[in-house]
Amino acid sequence: MKDLLTPRERFGLLVIDEPQDRVPVFPLVTAHAARLAGIPVREYYTAGAAMARCQLVAQETYGIDFISFFSEVGLVAEALGSQFDYPEDDLPLLTRPKWTDLTRLDDRVVGPLTDGRLRVYIDAVTYAYEARGDTVPILAYVPAPFTTAQQLVDQEAFLLGLLTEPERVKELLAYATRSIVRFCRAIIGAGGLPILVDPLASGSVISAEHYREFALPSEAEVIRYLHRYDLDVVLHICGDTRTTIAMMPETGADLLSIDRVDVAGAIAGAGQACRIIGNYDTSAILLSDPKTIEREVAEMTTAGKNCPKGFVAATGCEVPVDTPPENVRAFVRSARQVGFNPDYGRRRRA
Amino acid sequence: MELIPRVTFEQIRWERLEEIAAERRKGAKVIGYFCIYAPVEIVEAAGAIPVRLMRGGQAAEEAGERYLRADACSFCSACMGNFDLDPAYKQVDAVLAVNTCDMMRRLPESIENHFGIPVFQLYMPRTSEPLPHRVAEFRRQLDILAADLAGLTGRSVSDERLESEIAAFNHLRAMLRQANDTRRANSPLLSGSTTLDLTATAWLLGPVKAISLIDEVLRMVAARPRPETQRPRLMLGGSMLTEDDRWLLDLVEEKADIVTDILCTGTRWFAEDVPGGGESGNGEVGGQERVRSDGNPLDRLARFYFSRPCMHRRPNTDLHTYAEELVREFRVQGLVYKTLLYCDPWNFEARRLQEALGIPILHLDTDYSTENREQMRTRVEAFLETL
Amino acid sequence: MKAERDREIKGSRDQVPGWADPKSARVTFDQWLDLFDRVPDELIERYHYYGNGEAWSKYLFPPQTFSIYGARHLRRLKFDNSLAALRMWGFVQNETERLFRARQTGRRVIATMGDLGAVPVIVNSFPGCVAFYPDCIWWTPFVMESRVLFDAAAELGIGDATCFSRAALGAFSKHSYFPDPDLVIASTGASCDDYSGVEQLVESFAPDMLWVEEPLRGECRMSNDECRMGGASERQALIEFLKREYERVVERMEKLTGHAITEVELREGVRRANRVRNLVARLRDLAFRHAALAALEMMVVEFGNLHYYSDMGEWTAVLEHLLGTAGGRAREGERVLPEDALRVVWVTPPADPLLLTYVEDAGARVMGTEYVINQALEIMDESKPPLEAIAESFMAASLIGTSGQRAKSVIRQARERQAEGVIISGILGGSHCAMETRLISDIVKQELDLPALEFDVAPASNEIGRQLQTRIDAFLEVLRSRR
């Protein structure tokens, strides 16, 4: 079925609270794009043009409604001095955080074109924007302060610090925020829409109380910055957010990308204030068969369409690298079909 | 074998042009016009000679290109070229232009600028709903035109003269309708090509002589047996179709019959009569007059011309309705739709017309160049195969 | 007797708390990102449209914002570096959302097409109604560097050999560039064929459509001593005709809204529209005489006279802000373009705004315009009954008369401001361009003995084509050589 709208037109309606021709579809294809394009994953996340080309191929192949750039959550931490290994055909691995404890900070702020692999994202955004920015929104994942902090400091020390040194944690969060904002600014300059990703703030890692005290304010700070540009901010927290979903709108986020919280629950907790993005299980997309995927995505999309602010049919987190392409196609096919809006374009009067 | 050889029409037209030249030498004025909205009755009533300017042709188009841009429509370019080349055009003392499309509205400016020929620009509302103030404005424009023509010829336009010309042109219209009606039959003897020639010649001759000619043609049609074979029945539509487009009609009529048209150089001029004073003209619809028949001759002319359908009118529902009626009445199986490059009013409507009529359409969009005729031939033949 | 322009509009360079304009200049897209860092949050919170306090009604955002949402061409342009200009750009770029929000907040949205300036004066006089011109969507493919709307028009049978205004047809078919209008008022007549063709096809998307006639404004007749242009009775006849057309607009609007409009309300509508027109007249003067604003901003300003970018009140405030800035610059002798820039009059608005940036970067400045919207610049006579005042102002319309008449406006401006050349931009396949560009060019060259450059704007791209650059450069060299 041929679309009436381009992905950009569709997204444009979603974020101004207008019905669309169908639900936007967004399996979070990240490094899987490298596999689809047949290039080593390392090349994908170390060369901006390669990253962009892979995403363009994926968007075209699957008919996804967004182009998005993501490799791993340590991106900003790396630019600030944490060390990562780059396996040939796998994502970067943190080998040594910058600090072992919370005692020291410096006054460093990242240079988006010079530090770490930030430039890869900027180049990827620039490339994709010129290639297809008129028809497809270009998104770039930006690790949030709370997640970044856990890549800057030994994670155990950090988590302990939530209890024993809260003020130092907050200073570290402020330190990370300064660089994250600088990185966001560069993405904005390149034509990309930053998505804030904060998986280490999920209920799988911290309590709801710690989320409210530490992660939420730091997410809100970045979102406030992005709102200076009137950008529609996606906050992605994969993992278990059942206890925090009702708080997440307080960050100011415009769209919430969810994982291990059922769609109905997410809508009940946050659907009056935020559009919901999600949340097909990533193991299922990897391991299931197309027919099962179609059925389950249909159920998910049917539930998601009830969201008052709007819904994007997505996976809960990244599509695993080795996901069979026919599984991703099944996801997209089902979401498009069930998400079709037969009333779109029928005359509506005031 | 054509009912009437083309050369016969050419001879008739040549003789008429000689006559016109002689009348000019005695002081008569020739008014060139392009359009079915030009009220020829008023031109005649003022004692001038209306000559429809409807030539195209590659040579003329190329000659005209030095005056206009490449994306000016071919008819406009050819018109400018013909003022340099064509004997009929060179006899024109003034041009009567009606604002139909952008190009035809601005063509007169170019004519005036480059050839010094004065222009009467007649304003016809584009909107087709015949609201009283719109018809009244057009009526006022006709008053001004009559005065302007009188100023040129020295002969004022009286009601009596107008009634006489209305009757004469109505008679001509009726005769052309009669000729055209013979094409309702299977395998009509009167081809599209001959009809185009006949209509063009009729305009040049003027009512009295044209009526004689058509009478003769009708006798020939009655006398000759019609062929047994049945061929696809087609309608012609599109931008201004000129005498120089005959090659297309000849091409199509090798294997099909063009039985009707929605052209401005075809049936739309003679489909209805100007209502006579106190009498209803033809054009009754369901017992009701389509165009009111009361009022003085200029009133009736205003209402009549205002109501002519054309693709440039807004909305152009009337033209679509007219086309649909013709498809039914003449049992049309396909539409050959020839547009000129950059002709917006007709090009914009091709898809919509096809959807409305529900018959196959061959849309040819071209200029007067002869280079692509083989391509056109292939397309025409392929189209006819599908019918 | 026409109403006099408001000579009391002086404008002052308002001191906006938390902001001081840098020295006036045209800056790049990237430079605006730096400048925007200095804009305090309080200023972003300050400006809202529709008098609304919601977050969605803010609009002071930089070009980067809109570029992220697809306005790729902004990255190539140069912008005025004042806060007033930033405000203007944010307001204008925000219009798609604003139209949807209009419907969401209970306003009626009326698409006015074709006449470019008169009908919205009537529509905006009705409470709770917003008029807009889908015609202005002809810029969208260029702003987005995209064929999407042209492809949508092609699906409906309208291909590339027609004016870029076919983008409006594409937009109607998408339902995503503006809400489906409550009413479409389509003006046609002595106007533009391409757009008339678009209007006819739009009818299938707009069950409620009102056709309005634009009459032909004739030239002096050969045998009639009373010249049509100057002849009072001829002119009055057409004004009376237009009044009847506008009465139909009023009737239809009353039926739509259930509101019986009063003469007082219509007069107020005329007065408000005049306020905008007077502000723009003053801005044109400051821009053209003093180079207080550049051509790109001025094109946006002039086109605001059509439908005020869907919020007349806020647009008026934007203009007042701009006037304060421009007036201050003129008083202090600050210019955005050099004193020795070559002076050109520009005929027909370029569909690609990058052309204005290019010409200015190449050392010229636009100090006169004939942007086919004369009727929208004309100050209405407030001493007359409102529909008559509107009709009378429409008699100045650019396209309802001859090309010679348009050329006269160009010649007048060129003489007044000592232009050194004339640029005429057209569109290949545009119906009136096909005849007019040559006619106007010939007349201008003859009357003024000035070089005239005619060219067709190429389809949407991220740069000006090399060939056209060369032609423009060569043209400007000729102008320089004549100094």
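# Exercises on a predicted three-chain model

Chain A and chain B share no contact, and their closest C-alpha atoms are 19 Å apart. The exercises below concern a predicted model, and each is followed by a worked solution.

## Exercise 1. The chain contacts

Determine which pair of chains has the most contacts, and describe what chain C brings to each of its two contacts.

*Solution.*

Step 1. Two pairs of chains touch, and the pair with the most contacts is B and C.

Step 2. In the contact of chains B and C, 43 residues come from chain C and 40 residues from chain B. On the side of chain C, the elements that supply two or more residues are β5, α10 (193-202), β6, α11, α18 (403-416) and α19 (431-448). Of these, α19(C) provides the largest share, 8 residues. Sorted by class, this side of chain C holds 16 nonpolar, 17 polar and 10 charged residues.

Step 3. The contact of chains A and C takes 31 residues from chain C and 28 residues from chain A. Here the elements of chain C that give two or more residues are α1 (29-37), α2 (41-46), α3 (63-68) and α5 (95-104). The classes on this side are 10 nonpolar, 9 polar and 12 charged.

## Exercise 2. A helix of chain C and its cover

Compare the span of helix α11 of chain C with the expected span, and state which residues of α11(C) are buried and what covers them.

*Solution.*

Step 1. Helix α11(C) runs over residues 232-257 and has 26 residues. From first to last C-alpha it reaches 36 Å, close to the 38 Å expected at 1.5 Å a residue.

Step 2. The buried residues are E234(C), L238(C), I239(C), F241(C), L242(C), E245(C), Y246(C), V249(C) and M253(C). In general, an α-helix has 3.6 residues a turn, so residues three or four places apart point the same way.

Step 3. The cover of these buried residues includes α6 (132-153) of chain B. From chain C itself, the cover includes α6 (119-123), β5 (183-189), β6 (209-214) and α17 (386-394).

Step 4. Directly after α11(C) comes G258(C), with a positive phi of about 70 degrees.

## Exercise 3. Two packed helices of chain B

Classify the packing of α6(B) against α12(B) from the angle between them.

*Solution.*

Step 1. Helix α6(B) packs with helix α12(B), residues 297-306, at an angle of about 120 degrees, and the axes are 9 Å apart.

Step 2. Angles of 65 to 115 degrees count as roughly perpendicular and those over 145 as roughly antiparallel; α6(B) and α12(B) are therefore oblique to each other.

Step 3. The crossing of the two helices is right-handed. From α6(B), the contact uses V135(B), F138(B), R139(B), L142(B) and D143(B). From α12(B), it uses L298(B), D299(B), L301(B), A302(B), R303(B) and F306(B).

Step 4. By class, the contact of α6(B) with α12(B) has 7 nonpolar, no polar and 4 charged residues.

## Exercise 4. Helix α8 of chain B

Establish whether the span of α8(B) agrees with its number of residues, and how many of its residues are buried.

*Solution.*

Step 1. Helix α8(B), residues 192-205, has 14 residues, which at 1.5 Å a residue should span 20 Å. Its end C-alpha atoms are 20 Å apart, so the two values agree.

Step 2. The helix is mostly covered, with 13 of its 14 residues buried.

Step 3. After α8(B) comes G206(B), whose phi is positive, near 90 degrees.

## Exercise 5. Buried or exposed?

Two residues of chain C other than glycine, Y309(C) and Q418(C), have a positive phi. Locate each and decide whether it is buried or exposed.

*Solution.*

Step 1. Y309(C) has phi near 50 degrees and is placed in the loop between α13 (295-307) and α14 (312-332) of chain C.

Step 2. A residue is buried if 20 or more other C-beta atoms lie within 10 Å of its own. Y309(C) has 24 and is therefore buried.

Step 3. Q418(C), with phi of about 50 degrees, is in the loop between α18 and β9 (421-426) of chain C.

Step 4. A residue is exposed if the number is 12 or fewer. Q418(C) has 8 C-beta neighbours inside 10 Å and therefore counts as exposed.

## Exercise 6. Cis peptide bonds

Give the place and omega of the cis peptide bonds at N279(A) and P315(B).

*Solution.*

Step 1. G278(A) and N279(A) are joined by a cis peptide bond with omega of about -10 degrees. N279(A) belongs to strand β9 (residues 275-280) of chain A.

Step 2. The bond from R314(B) to P315(B) is cis, and omega is near -10 degrees. P315(B) is in the loop between α12 and α13 (317-329) of chain B.

Definitions and conventions
Residues are numbered from 1 along each chain as its sequence is written. Chains are lettered from A and ligands numbered from 1 in the order in which they are written. This is a predicted model: local features need pLDDT of at least 70, side-chain atom pairs count only at pLDDT 80 or more; totals for chains, interfaces and linings use all residues. Helices (H or I, at least four residues) and strands (E, at least two) are DSSP runs, numbered from the N terminus. The expected span of a helix is 1.5 Å times one less than its number of residues. Two residues are in contact if their C-beta atoms, placed from the backbone, lie within 7 Å. Axes are lines fitted to C-alpha atoms, for helices over the stretch in contact, and angles run from 0 to 180 degrees between N-to-C directions. Angles under 35 degrees count as roughly parallel, over 145 as roughly antiparallel, 65 to 115 as roughly perpendicular and the rest as oblique. A crossing is left-handed if the near helix is turned anticlockwise from the far one by less than a right angle, and right-handed if clockwise. Ala, Val, Leu, Ile, Met, Phe, Trp, Tyr, Cys and Pro count as nonpolar, Asp, Glu, Lys and Arg as charged, and the others, Gly among them, as polar.
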